[in-house]
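Subject: Handover of a structure for your study

Dear colleague,

Please find below the structure that I am passing on to you. I would ask you to look at it first and then to read the notes beneath it.

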Amino acid sequence: MGSVPMMVKGIEANPWTIGIVRLLIATVCVAVFLKDSRRVFQHRAEFKPLFLIGLAFALHWATYFISIKMADASIAAIGTATYGIFAAMLGSVMLGQVPNRIQVFAILISLVGAVLVVGEYSIGSEMTVGFIFALVSAILYAFVPILHQKHVHIPVNVRTLAQYLFALPVFVIALPWSNWDLKPIDWGGMLYLGIVNTVIAHTLWIRSSSVLPAYMSGILFYLYVPISMILCHQFLGEEMGWMRITGAAMIVVASVLGMRSQLAKRPGKQAAADG
């Protein structure tokens with residue numbers, strides 16, 4: 001998933017074209033391997049939450065792709081990485097998952113790191129507007145794992161298919177603004193995004209974020225940032241000054257702290273359960 005910003009920025013396809021292709025590939029692939037795909041439409045009580053998962057995901061993708069195209073790809077990735085802050089807040093309110101002091105500290109370190117990476121920007125510039133789109137994308141994305149966890153009784157494969165299937169109409173509505181006069185390298189990039197980054201990587205992310213606490217999935221998500229920065233610097237020539245490097249380092253440290261804290265909590269809980 002760390003290669004997404006680089007690929008989206010590097011190809012000529014616009015956000016709507018990228019979304020349509022990625023979601024078509026993902027929907028078809030998941031539907032083929034899902035035996036009970038009809039369940040997405042069979043249970044009326046499940047339809048609303050499944051639809052909301054897809055809608056939140058579609059709006060997240062749309063704002064994220066716009067952010068990448070407007071700003072540096074790495075800046076867009078960093079702005080979206082504030083998802084962890086919003087996920088922790090929403091998890092606390094909607095799921096009662098209160099992070100401990102170490103995890104709160106880790107989230108704050110990550111936030112400071114993200115600010116350092118952004119550096120200086122001018123109000124009204126494409127970089128600033130792109131970063132704002134990334135923040136909106138982060139808020140929308142924070143709802144996705146919360147919705148998955150609130151409806152974990154629905155099989156994960158059904159929720160995965162619904163996420164892609166119900167996100168697709170949002171991009172289809174924007175079909176008049178899509179562009180299809182593309183080079184073979186652009187089509188190759190979209191195939192990579194659809195198969196590797198969506199069918200494989202994002203489907204695995206859905207499974208992990210469905211069982212991990214919201215603040216934990218938020219901390220893990222920050223690993224996405226340094227990977228994106230390195231790839232964007234190497235292949236797109238984007239700037240990587242000391243502030244961005246320092247911020248990325250802080251984000252990695254916060255991720256490690258969060259994971260160690262989560263692992264440290266498990267033995268105690270298990271011992272209590274065994275006792």
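The notes that follow describe what was found in this structure.

The model is predicted: local features need pLDDT of at least 70, side-chain atom pairs count only at pLDDT 80 or more, and totals for chains, interfaces and linings use all residues. Residues are numbered from 1 along each chain as its sequence is written, and side-chain values use heavy atoms, with hydrogens and water left out.

Overall fold

The protein chain contains 13 helices and zero strands. Here helices (H or I, at least four residues) and strands (E, at least two) are DSSP runs, numbered from the N terminus. Of the chain's 275 residues, 52% count as buried. Buried means under 20% relative accessible area, exposed means over 50%, and partly exposed lies in between, with a 1.4 Å probe and protein chains only.

Helix α5 and the second largest cavity

Helix α5, residues 73–80, is mostly covered, since eight of its eight residues are buried. Among them are Ala73, Ser74, Ile75 and Thr80.

Ser74 also appears in the lining of the second largest cavity, together with Met229, Glu238, Glu239, Met240 and Arg244. A cavity is a set of points, on a 1 Å grid over the protein atoms alone, where a 1.4 Å probe fits but cannot get out; lining residues have an atom within 4 Å of a point. Rolling a probe the size of a water molecule over the atoms shows where empty space is left. The structure holds two cavities of 30 Å³ or more, and the second largest encloses about 30 Å³. A volume is the space filled by probe spheres set on the points, which are joined across faces, edges and corners.

The lining of this cavity comprises two nonpolar, one polar and three charged residues. In this count, Ala, Val, Leu, Ile, Met, Phe, Trp, Tyr, Cys and Pro are nonpolar, Asp, Glu, Lys and Arg are charged, and the others, Gly among them, are polar.

Helix α10

Helix α10 spans residues 184–211 and includes Ile200. Ile200 is partly exposed because its relative accessible area is 45%. Ile200 belongs to a nonpolar surface patch of about 510 Å², which Leu191, Tyr192, Ile195, Val196 and Leu204 help to make. A patch is made of residues with over 30% relative accessible area and no salt bridge, where like charges are joined within 9 Å and nonpolar side chains (Val, Leu, Ile, Met, Phe, Trp, Tyr) within 5 Å. A salt bridge is a side-chain nitrogen of Lys or Arg within 4 Å of a carboxyl oxygen of Asp or Glu. Accessible areas come from the Shrake-Rupley method with a 1.4 Å probe.

Asn197 is in helix α10 as well; Asn197 counts as buried because its relative accessibility is 1%. Its C-alpha atom is separated by 8.0 Å from that of Ser3, although the two residues are 194 residues apart along the chain.

Two further contacts along the chain

Ile53 is found in helix α4, residues 44–70, and counts as buried because its relative accessibility is 0%. The C-alpha atoms of Ile53 and Ala162 are separated by 7.4 Å, with their positions 109 residues apart in sequence.

Glu12 is found in the loop between α1 (4–10) and α2 (15–33). With a relative accessible area of 56%, Glu12 is exposed.

With kind regards

Terms used:
1 Å grid on protein atoms, 1.4 Å probe; cavity = no way out; pocket = protein on both sides within 12 Å on 5 of 7 lines; lining within 4 Å.
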